[in-house]
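Thanks for making time. I have one structure to go through this morning, so let me put it on the screen.

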Amino acid sequence: MSRDFRPLRHYTPPFGWINDPNGLVYEDGTWHLFAQHNPEATHWGPMHWRHAVSCDLLSWEDRGIALFPDEALGMIFSGSAVIDHGNTSGLGDGADPMILMYTSHGEHEQQSIAYSNDRVTFTPYAGDPVIPNTVQKNFRDPKCFWDAERGRWCVVIAAGDRVEFHASPDLIRWQKTGEFGQCENRMGGVFECPDLFPLPAPDGSTVWVLIASMAHPGPFGGHRTQYFLGQFDGETFRETMPAPHARLLDAGYDDYAAVTFANADRPMLLGWANAWCYAMFEPTDPFCGAMTYARALSLVETDAGLCLAQKPVTPAFRDVPVPTEPAPDPLPRRYLPKAEGVVRGEVFHIRVESEGCFALTLSNEGGESLCVTLGTDQSLVVDRSRAGNSDFSPLYASGLFAVMAQPRKVHGPATLDLYFDRMICETFLDGGTLVNTSVVFPEAPYTKATLLGEGRLYIGEEAQ
Ligand code: FRU
């Protein structure tokens, strides 16, 4: 019998399976989150949308199932939500309705909508599907947004080796306006769960960010999320700042299908903190699947060019500096400064500030350890090979998924923020320009943090 790994400050379903976050939307102080959900088992199955709400993005109130598979149109695959300001759809009963747009996955993948006037019950629209399809095999995960410049709705939809854009005056009548990605894609696999939104760049211009999760046919390399930077003219997206390699949203494997909240005052991203190839084997019964912390996005200039920076919304922590052991006298040639402190609780924050190289280790009394290093090659390495239970999946235990390395995008002094919640470890280096999200399953909580090398260590317990 495994111990309770349910995260305390991240969204998980009360039971059953979840994957992608769906229908993320903010309204009047409430964050709505829906999730791909199988209520019957801790593995993928007939997809529903489960609903939860939060006022702080840290504690979630479960609202049960919002959308059930439809006999005629099929399962409810991923999608998005908007507040239909001005009731363009005519589906409001005096106020602005919330519209959910999702993929009906039956014999074909088609786009449907459902509406809600009370934010508790959700009614599929009688004229579904609103974007029919009998031709394309992969055609899913509509992310809808309001195009203020042109005064109409837009949706970006994953369509095999590309994404498509469609526009509508009322969320019901749609017309295709463009497509992107067939030539520009720098990763294998098919597109899934796209998102498109503008962000201010440091030079004052507006840059559009297109996020695309990529599903690979085989497990190796896993499912990863990439992003493109460019411009959107209301009809299609053009990549105006190509990078030599795919830009990864996360250097870890446990952050997939991340999309932003609609109707929020700035882009706030949240992903599924699991990986397709081993999620269903994780020792977390009676539930399987968790979401990442929500992360505010910005664009920053780095030595590797313009890039996304992620700043998570976390509980407040009381950070306490840990003294570095005094250097021995005389100083041995191979001396490495060391700081070691006690970690209390299962939700904590570790900060390392360093002008050089360091190795940070979280460990428990059973000898399990999770190690995060910044080496001389200036790569951030997250090594979970000895972090806890890995027997549940040979893939999870394999080198590819156990030790993850990614080069920094900036040089000079480094600040690392690591946020831990029972089984989810989210590491943000250099102001969130390099992120690693990794799940670990220690048999007992980590109780010690050790820093070897140059730097200062801080341990933060949750402030009560
Ligand atoms: C991505 C995904 C989506 C699909 C959903 C099905 O993880 O494959 O493309 O809509 O999951 O659950």
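I will take the ligand site, then one sheet, then two pockets.

A caveat to begin with: this is a predicted model.

Start with the ligand. The shell around the ligand includes Asn19, Asp20, Gln36, Trp44, Met47 and Phe77. Further along the chain, Ser78, Arg140, Asp141, Glu192, Tyr256 and Trp276 also belong to that shell. By class, five of the shell residues are nonpolar, three are polar and four are charged. As for secondary structure, at least two shell residues come from each of strand 1 (16-27), strand 5 (75-83) and strand 9 (140-147).

Which side chains place a polar atom by a ligand oxygen? Asp141 does, at 2.6 Å. Glu192 has a side-chain N or O atom 2.8 Å from an oxygen of the ligand. For Trp276, the distance from a polar side-chain atom to a ligand oxygen is 2.9 Å. On its own the ligand has 320 Å² of accessible area, and the protein covers 94% of that.

Strand 5 leads on to the sheet. This is an open sheet of four strands, ordered 5-6-7-8, with antiparallel pairing. Strand 5 and strand 8 (123-124) are the edges, each pairing on one side only. Strand 8 is joined to strand 7 (residues 109-116) by two bridges. Across from Thr123 of strand 8 stands Tyr115.

Now the pockets. The largest has a volume of about 580 Å³. Its lining consists of 26 residues, and those nearest the centre are Phe145, Trp146, Pro198, Ala262 and Asn263. Strand 5, strand 9 and strand 13 (190-200) each give two or more residues to this lining. Which element gives the most? Strand 9, with five residues. The lining splits into 16 nonpolar, three polar and seven charged residues. Note that strand 5 and strand 9 appear in this lining and also supply residues to the ligand shell.

The second largest pocket has a volume of about 450 Å³. It is lined by 25 residues, with Ala246, Arg247, Leu248, Gln406 and Lys409 nearest its centre. Strand 17 (247-248), strand 22 (305-312), strand 29 (403-407) and strand 32 (434-439) supply at least two lining residues each. Strand 22 has the largest share, five residues. Here the lining comprises 14 nonpolar, seven polar and four charged residues.

That is what I have on this model.

How values were computed:
Residues are numbered from 1 along each chain as its sequence is written. This is a predicted model: local features need pLDDT of at least 70, side-chain atom pairs count only at pLDDT 80 or more; totals for chains, interfaces and linings use all residues. Side-chain values use heavy atoms; hydrogens and water are left out. A residue is near a molecule or strand if one of its heavy atoms lies within 4 Å of it. A polar contact is a pair of N or O atoms within 3.5 Å; within protein, one must be able to donate a hydrogen and the other to accept it, and residues adjacent in sequence count only if both atoms are side-chain atoms. Accessible areas come from the Shrake-Rupley method with a 1.4 Å probe; for residues, only the protein chains shown count as cover. Ala, Val, Leu, Ile, Met, Phe, Trp, Tyr, Cys and Pro count as nonpolar, Asp, Glu, Lys and Arg as charged, and the others, Gly among them, as polar. Two strands pair if DSSP finds at least two bridges between them. On a 1 Å grid over the protein atoms alone, a cavity is a set of points where a 1.4 Å probe fits but cannot get out, and a pocket is an open set with protein on both sides within 12 Å along at least five of seven lines; lining residues have an atom within 4 Å of a point. Grid points are joined across faces, edges and corners, and a volume is the space filled by probe spheres set on the points.
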